[in-house]
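The following exercises concern the structure shown below. Each task is followed by a solution that proceeds step by step.

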Amino acid sequence: KPYVKIYLTYFDIGETDTWYCEACMKEFPINNGLNIHHIIFRSHGGTDDVKNCISLCVDATAERTHQI
């Protein structure tokens with residue numbers, strides 16, 4: 001997933017660092033608990049640009065998926 005590498009590089013985050021969920025603001029390890037998602041899904045014309053990506057925890061991911 002190239003967009004994950006783009007996101008981590010842009011924010012200078014290592015794959016073993018702690019980062020936060022942009023929905024609930026709780027901190028999680030990057031490699032366990034956080035996912036990088038597209039704000040506008042690629043299937044809806046979104047790009048892999050870092051401005052279209054967001055870090056979400058598992059709970060926020062589930063909530064976001066159910067809103068669609």
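**Exercise 1. The two sides of the first helix**

Which residues are exposed on the other side of α1, away from its buried residues? The model is a predicted one.

Step 1. Identify the buried residues: in α1 these are Tyr-3, Tyr-7 and Leu-8.

Step 2. Consider their directions. They span an arc of only 135° around the axis, so they lie on the same side of α1.

Step 3. Recall the helix geometry. An α-helix has 3.6 residues a turn, so residues three or four places apart point the same way.

Step 4. Turn to the other side of α1, where Pro-2, Lys-5 and Thr-9 are exposed.

Step 5. Find the cover. The elements that cover the buried residues of α1 include β1 (18-20), β3 and β4.

**Exercise 2. The overall form of the chain**

State the order of the elements from the N terminus on, and decide why the chain can be called as compact as a globular protein of its length.

Step 1. Count the elements: the chain has two helices and four strands.

Step 2. Place them in order, which gives α-β-β-β-β-α from the N terminus.

Step 3. Compare the radius of gyration with the rule. The chain has a value of 11 Å, close to the 11 Å that the globule rule gives for 68 residues, and it is therefore as compact as a globular protein of that length.

Step 4. Add the dimensions. Along the principal axes, the C-alpha atoms fill a box of roughly 30 × 25 × 15 Å.

Step 5. Describe burial and surface. Of the 68 residues, 31% count as buried; the accessible surface comes to about 4800 Å², and carbon and sulfur atoms contribute 52% of it.

Step 6. Examine the range of the contacts. Among contacts with a separation of 6 or more, 39% join residues 24 or more positions apart.

**Exercise 3. An enclosed strand**

Is strand β4 (residues 53-57) largely enclosed or largely open?

Step 1. Apply the cut-off for burial, which is under 20% relative accessible area.

Step 2. Count the residues that meet it. Five of the five residues of β4 are buried, so the strand is largely enclosed by the rest of the structure.

Step 3. Separate the two faces. Cys-53, Ser-55 and Cys-57 point one way, Ile-54 and Leu-56 point the other way, and all are buried.

Step 4. Locate the partner. Strand β3 (residues 34-38) pairs with β4 in the antiparallel sense over five bridges, and His-37 stands opposite Ile-54 in β4.

**Exercise 4. The nonpolar core and Leu-34**

Which residues of the largest nonpolar core touch the most other members, and what surrounds Leu-34?

Step 1. Begin with the general expectation: in soluble globular proteins, nonpolar side chains tend to be buried together.

Step 2. Name the best-connected members. The core has 15 residues, of which Tyr-7, Ile-13, Trp-19, Cys-21, Ile-30 and Leu-34 touch the most other members.

Step 3. Trace the elements. Two or more residues come from each of α1 (2-10), β3 and β4, and β4 gives the most, with four residues.

Step 4. Examine Leu-34, which has its place in strand β3. Leu-34 counts as buried because its relative accessibility is 9%.

Step 5. List the contacts of Leu-34 beyond four places in sequence: Trp-19, Tyr-20, Cys-21, Phe-28, Pro-29, Ser-55, Leu-56 and Cys-57.

Step 6. Treat Cys-21 in the same manner. With neighbours within four places in sequence left aside, Cys-21 is in contact with Lys-26, Phe-28, Leu-34, Ser-55, Leu-56, Cys-57 and Ala-60.

**Exercise 5. Positive phi in the loops**

Where are Asp-12 and Met-25 found, and are they buried or exposed?

Step 1. Note the background: most residues other than glycine have a negative phi.

Step 2. Read the angles. Phi is near 55° for Asp-12 and near 65° for Met-25, a positive value in each of these residues other than glycine.

Step 3. Locate both residues. Asp-12 is in the loop between α1 and β1, whereas Met-25 is in the loop between β1 and β2 (27-29).

Step 4. Apply the cut-off for exposure, over 50%. Asp-12 is exposed because its relative accessible area is 69%, and Met-25 counts as exposed at 55%.

Conventions:
Residues numbered from 1 in each chain as written. Predicted model: local features only at pLDDT ≥ 70, side-chain atom pairs only at ≥ 80, totals over all residues. Heavy atoms only, no water. Buried < 20%, exposed > 50% of the residue type's maximum accessible area, 1.4 Å probe, protein only. Pairing = 2+ DSSP bridges. Core = buried A, V, L, I, M, F, W, Y, C linked by side-chain atoms within 4.5 Å. Contact = heavy atoms within 4.5 Å. Rg over C-alpha atoms; globule rule 2.2 N^0.38 Å. Areas by Shrake-Rupley, 256 points an atom, 1.4 Å probe, with all protein chains shown as cover. Arc of directions from axis to C-beta.
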